[in-house]
Amino acid sequence: MRFKSCLAFAAAVILLVGCGPQNTSKIKIGLSLDTLKEERWQHDRDLFTARAKELGAQVLVQAANNSDATQIQQAET
């Protein structure tokens with residue numbers, strides 16, 4: 001499950017890096033984490049959203065509460 005969270009986090013970072021300042025519309029990034037019960041994921045979420053905000057993006061964060069099905073549904077949404 002942690003692998004999926006890391007993979008989702010990496011995918012969001014890649015999407016954020018690929019978006020340059022030439023885009024005038026506000027970028028929305030979906031970040032689906034396996035859980036937010038662990039301090040590590042809370043810290044990663046905070047760092048990620050702060051950096052995205054600095055770059056002009058909005059991050060929509062969701063936690064799947066250790067449910068693979070929920071995380072897949074969140075990613076599809």
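Of the 77 residues of the chain, 26% count as buried, where buried means under 20% relative accessible area, exposed means over 50%, and partly exposed lies in between, with a 1.4 Å probe and protein chains only. This is a predicted model, in which local features need pLDDT of at least 70 and side-chain atom pairs count only at pLDDT 80 or more, whereas totals for chains, interfaces and linings use all residues. Residues are numbered from 1 along each chain as its sequence is written, and side-chain values use heavy atoms, with hydrogens and water left out.

**Overall fold and surface**

- The chain holds 3 helices and 2 strands, taken as DSSP runs numbered from the N terminus, with helices being H or I runs of at least four residues and strands being E runs of at least two.
- Read along the sequence, these elements follow the pattern α-β-α-β-α.
- Among the contacts in the chain with a separation of 6 or more, 68% are accounted for by residues 24 or more positions apart, a contact being heavy atoms within 4.5 Å.
- The chain exposes about 5300 Å², of which carbon and sulfur atoms supply 56%; accessible areas come from the Shrake-Rupley method with a 1.4 Å probe, and for residues only the protein chains shown count as cover.

**Salt bridges and helix H2**

- The count comes to 3 salt bridges, under the rule that a side-chain nitrogen of Lys or Arg lies within 4 Å of a carboxyl oxygen of Asp or Glu.
- One of them joins the side chains of Asp 44 and Arg 40 at 2.5 Å, N to O; these two residues are separated by about one helical turn, because they stand 4 residues apart in helix H2, which spans residues 39-54.
- Within that pair, Asp 44 is buried, with a relative accessible area of 12%, whereas Arg 40 is partly exposed, at 47%.
- A salt bridge also links the side chains of Arg 51 and Glu 54, with an N to O distance of 3.0 Å, and since these residues are 3 apart in helix H2, about one helical turn separates them.
- Arg 51 counts as partly exposed at 43% relative accessibility, while Glu 54 is exposed, with a relative accessible area of 59%.
- The side chains of Asp 46 and Arg 45 meet in a salt bridge as well, at 3.0 Å from N to O; Asp 46 is partly exposed at 41% relative accessible area, and Arg 45 is partly exposed at 22%.

**Aromatic rings**

- Arg 40, the partner of Asp 44 in a salt bridge, also lies over the face of Trp 41, at 4.1 Å from the ring centre; a charge sits over a ring if NZ of Lys or CZ of Arg is within 6 Å of the ring centre and within 35 degrees of the ring normal.
- The count of aromatic pairs comes to 0, where rings of Phe, Tyr and Trp (its six-membered ring) pair if their centres lie within 6.5 Å, with planes under 30 degrees apart counted as stacked, over 60 as edge-to-face and the rest as tilted.

**The loop between E2 and H3**

- Most residues other than glycine have a negative phi.
- Asn 65, although not a glycine, has a positive phi of about 50°, and this residue is found in the loop between strand E2 (57-63) and helix H3 (68-76).
- Asn 66, in the loop between E2 and H3, likewise has a positive phi, near 65°, in a residue other than glycine.
- As to accessibility, Asn 65 counts as exposed at 53%, whereas Asn 66 counts as partly exposed at 39%.

**Polar contacts of helix H3**

- Gln 71, placed in helix H3, is buried, with a relative accessible area of 6%.
- The side chain of Gln 71 reaches the backbone oxygen of Ser 32 at 3.0 Å, a polar contact being a pair of N or O atoms within 3.5 Å; within protein, one atom must be able to donate a hydrogen and the other to accept it, and residues adjacent in sequence count only if both atoms are side-chain atoms.
- Thr 70, also in helix H3, counts as partly exposed at 29% relative accessibility, and its side chain is joined to that of Ser 67 by a polar contact of 2.9 Å.
- Thr 70 and Asp 34 are 36 residues apart in sequence, and their C-alpha atoms are 9.0 Å apart in space.
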